[in-house]
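Student: I have a model open on my screen, and I would like to learn how to read it feature by feature. Could you take me through it slowly?

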Amino acid sequence: MHELAVTGQILEIAERHATEAGRGQVTDLYLVIGELSTFIDDSIQFYWDIISRGTLCEGARLHFTRVPARLRCQHCSCEYGLEQGELMVCPACGHGRVTILTGQEFRLESLELAEKEPS
Ligand SMILES: [Zn+2]
């Protein structure tokens with residue numbers, strides 16, 4: 001259920017930006033999700049459609065960018081992605097102490113606002 005919580009946070013941030021900018025609707029949101037993040041695009045979209053109703057973000061489109069995981073072995077400093085090795089085992093030396101460089105992110109990268117309608 002944590003998708004609901006993070007989706008709520010995104011909505012809050014987007015609404016605040018739209019209000020501060022003195023603009024009307026939010027039309028597009030660009031989200032970055034790491035490969036290792038457990039967030040699921042479809043769940044976020046599902047909650048988004050529900051909680052954005054009646055807000056400045058109603059009808060806004062969500063765009064997802066997946067960031068591939070990069071890992072670094074703490075033993076031999078070899079850097080690798082999940083296509084080359086396993087999450088917690090270095091493919092070069094077999095060591096099990098690995099630093100996660102990227103892949104855990106979840107953030108709102110940018111958003112687009114509609115021009116305010118002339119009154
Ligand atoms: Zn290694």
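Tutor: What follows is a conversation about the sheets, the helices, the metal site and two single residues. This is a predicted model, in which local features need pLDDT of at least 70 and side-chain atom pairs count only at pLDDT 80 or more, while totals for chains, interfaces and linings use all residues. Residues are numbered from 1 along each chain as its sequence is written, and side-chain values use heavy atoms, with hydrogens and water left out.

Student: Let us begin with the strands; which strands form the open sheet with mixed pairing, and in what order?

Tutor: The general idea is that strands of a sheet pair through backbone hydrogen bonds, either parallel or antiparallel. Strands here are DSSP runs of E with at least two residues, helices are runs of H or I with at least four residues, and both are numbered from the N terminus; two strands pair if DSSP finds at least two bridges between them. In this model the order of the mixed, open sheet of three strands is β2-β1-β6, and its edge strands, each pairing on one side only, are β2 and β6 (106-113). From one strand to the next the twist averages 20°, where axes are lines fitted to C-alpha atoms, for helices over the stretch in contact, and angles run from 0 to 180 degrees between N-to-C directions.

Student: How many bridges join β1 to β6, and which residues stand opposite each other there?

Tutor: Strand β1 (residues 26-34) runs antiparallel to β6 and is joined to it by seven bridges. Along this pairing L31 faces L108 in β6, and V32 stands opposite R107. On the other side, β1 and β2 run parallel and are likewise joined by seven bridges, with Y30 having H63 as its bridge partner in β2.

Student: Is β1 mostly covered or mostly open, and which helices lie against this sheet?

Tutor: Burial is judged by relative accessible area: buried means under 20%, exposed over 50%, and partly exposed in between, using a 1.4 Å probe and protein chains only. By that scale seven of the nine residues of β1 are buried, and the strand is mostly covered. Helix α1 (residues 2-20) lies across β1 and β6, at about 35° to β6. Helix α2 packs on the sheet too, touching β1, β2 and β6, and its direction makes about 160° with that of β2.

Student: What does H63 contact, leaving aside its neighbours in sequence?

Tutor: Contact means heavy atoms within 4.5 Å. Beyond four places in sequence, H63 is in contact with D28, L29, Y30 and L31, and its side chain makes a polar contact of 2.8 Å with that of D28. A polar contact is a pair of N or O atoms within 3.5 Å; within protein, one must be able to donate a hydrogen and the other to accept it, and residues adjacent in sequence count only if both atoms are side-chain atoms. H63 counts as partly exposed because its relative accessibility is 28%.

Student: Where does S52 lie, and is it buried or exposed?

Tutor: S52 is found in the loop between α2 (41-51) and β2 (61-67), and it counts as buried because its relative accessibility is 3%. Leaving aside neighbours within four places, S52 is in contact with L11, C57, E58 and G59. A polar atom of the S52 side chain lies 2.7 Å from the backbone oxygen of W48.

Student: Which residues are the protein donors of the zinc ion, and what is their arrangement?

Tutor: Donors are N, O and S atoms within 2.8 Å of the metal (3.2 Å for Na, K and Ca), and sites may look incomplete because water is not among the atoms. Here the protein donors are the SG atoms of C73, C76, C90 and C93, at 2.3 to 2.4 Å from the zinc ion. Their angles of 105 to 116° make the arrangement tetrahedral; four donors count as tetrahedral if all angles lie between 85 and 135 degrees. Along the chain the donors follow the spacing C-x2-C-x13-C-x2-C. C73, in strand β3 (residues 70-73), and C93, in the loop between β4 (79-81) and β5 (98-102), link distant parts of the chain, 20 residues apart. C73 is buried at 2% relative accessible area, whereas C93 is partly exposed at 37%.

Definitions and conventions. Tetrahedral: all angles 85-135°; square planar, octahedral: opposite > 155°, others 65-115°.
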